[in-house]
Amino acid sequence: MNGEPYENAAIMFLDLNSGQAAGADIDAGGSFTIAEPMHTGTYKAYLAPRSLPPEENGQPIPVSADSAVPEKYWNENTTDIEVEVKEGENSTTIALEK
């Protein structure tokens, strides 16, 4: 975000035409790896709260969006980030700007 790695979320990809989706938690240093192959196409990229294990007593942990990140990046309908997935291995940098 603003040229610095961001890691306090998961990154989600959604193809609005086909409904195909994928996502992964963002690692320390701002990197992520999608475990399963994605279909080729244009995907909207947006953030979601990181996946968290339940508390020891089995109760869910409330999640919230990081208010330091502009709200538009937390929703597939408002994000302005698009990623083109092509055949083979893909690598992309996603820039978040305040």
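Before counting any strands as partners, I note that two strands pair if DSSP finds at least two bridges between them. I also note that what I am reading is a predicted model.

**Entry 1: the sheet**

With that criterion in hand, I looked up β3 and β4, and I find that they pair in the antiparallel sense over four bridges. Within this part of the sheet I located Tyr43, which stands opposite Val83 in β4. I then turned to the other pairing of interest and find that five bridges join β1 to β3, these strands also running antiparallel; here Phe13 stands opposite Ala45 in β3.

Putting the strands in order, I read an open sheet of four strands, β2-β1-β3-β4, with antiparallel pairing. The edges are taken by β2 and by β4 (82-85), each of which has a single partner strand, so one side of each is left without a neighbour in the sheet. From one strand to the next, I record a twist that averages 30°.

I asked next how far β3 is enclosed by the rest of the structure. Seven of its eight residues are buried, so I describe β3 as largely enclosed.

**Entry 2: the aromatic pair**

I searched for paired rings and found that the structure holds one aromatic pair. It is formed by Phe13 and Phe32, whose ring centres are 5.8 Å apart and whose planes meet at 40°, so I enter the pair as tilted. Phe13 belongs to strand β1, whereas Phe32 sits in the loop between β2 and β3 (41-48), so the pair ties together parts that are 19 residues apart in sequence.

I checked the accessibility of each partner separately. Phe13 has a relative accessibility of 3%, and because buried means under 20%, I count Phe13 as buried. Phe32, at 23% relative accessibility, counts as partly exposed.

**Entry 3: Asp15**

Which side chain of opposite charge is nearest to Asp15? I find that it is Lys44, 11 Å away, and that Asp15 is buried yet has no salt bridge; for the comparison I needed the cut-off, which asks for a side-chain nitrogen of Lys or Arg within 4 Å of a carboxyl oxygen of Asp or Glu.

As to its place in the fold, I find Asp15 in the loop between β1 (10-14) and β2 (21-25). Setting aside the neighbours within four places in sequence, I list Gln20, Gly41, Thr42 and Tyr43 as the residues in contact with Asp15. Tyr43 had already appeared in my first entry, as the residue opposite Val83 in β4.

Key: Residues are numbered from 1 along each chain as its sequence is written. This is a predicted model: local features need pLDDT of at least 70, side-chain atom pairs count only at pLDDT 80 or more; totals for chains, interfaces and linings use all residues. Side-chain values use heavy atoms; hydrogens and water are left out. Helices (H or I, at least four residues) and strands (E, at least two) are DSSP runs, numbered from the N terminus. Buried means under 20% relative accessible area, exposed over 50%, partly exposed in between (1.4 Å probe, protein chains only). Lys and Arg count as positive and Asp and Glu as negative; His and the chain ends are not counted. Contact means heavy atoms within 4.5 Å. Rings of Phe, Tyr and Trp (its six-membered ring) pair if their centres lie within 6.5 Å; planes under 30 degrees apart count as stacked, over 60 as edge-to-face and the rest as tilted. Axes are lines fitted to C-alpha atoms, for helices over the stretch in contact, and angles run from 0 to 180 degrees between N-to-C directions.
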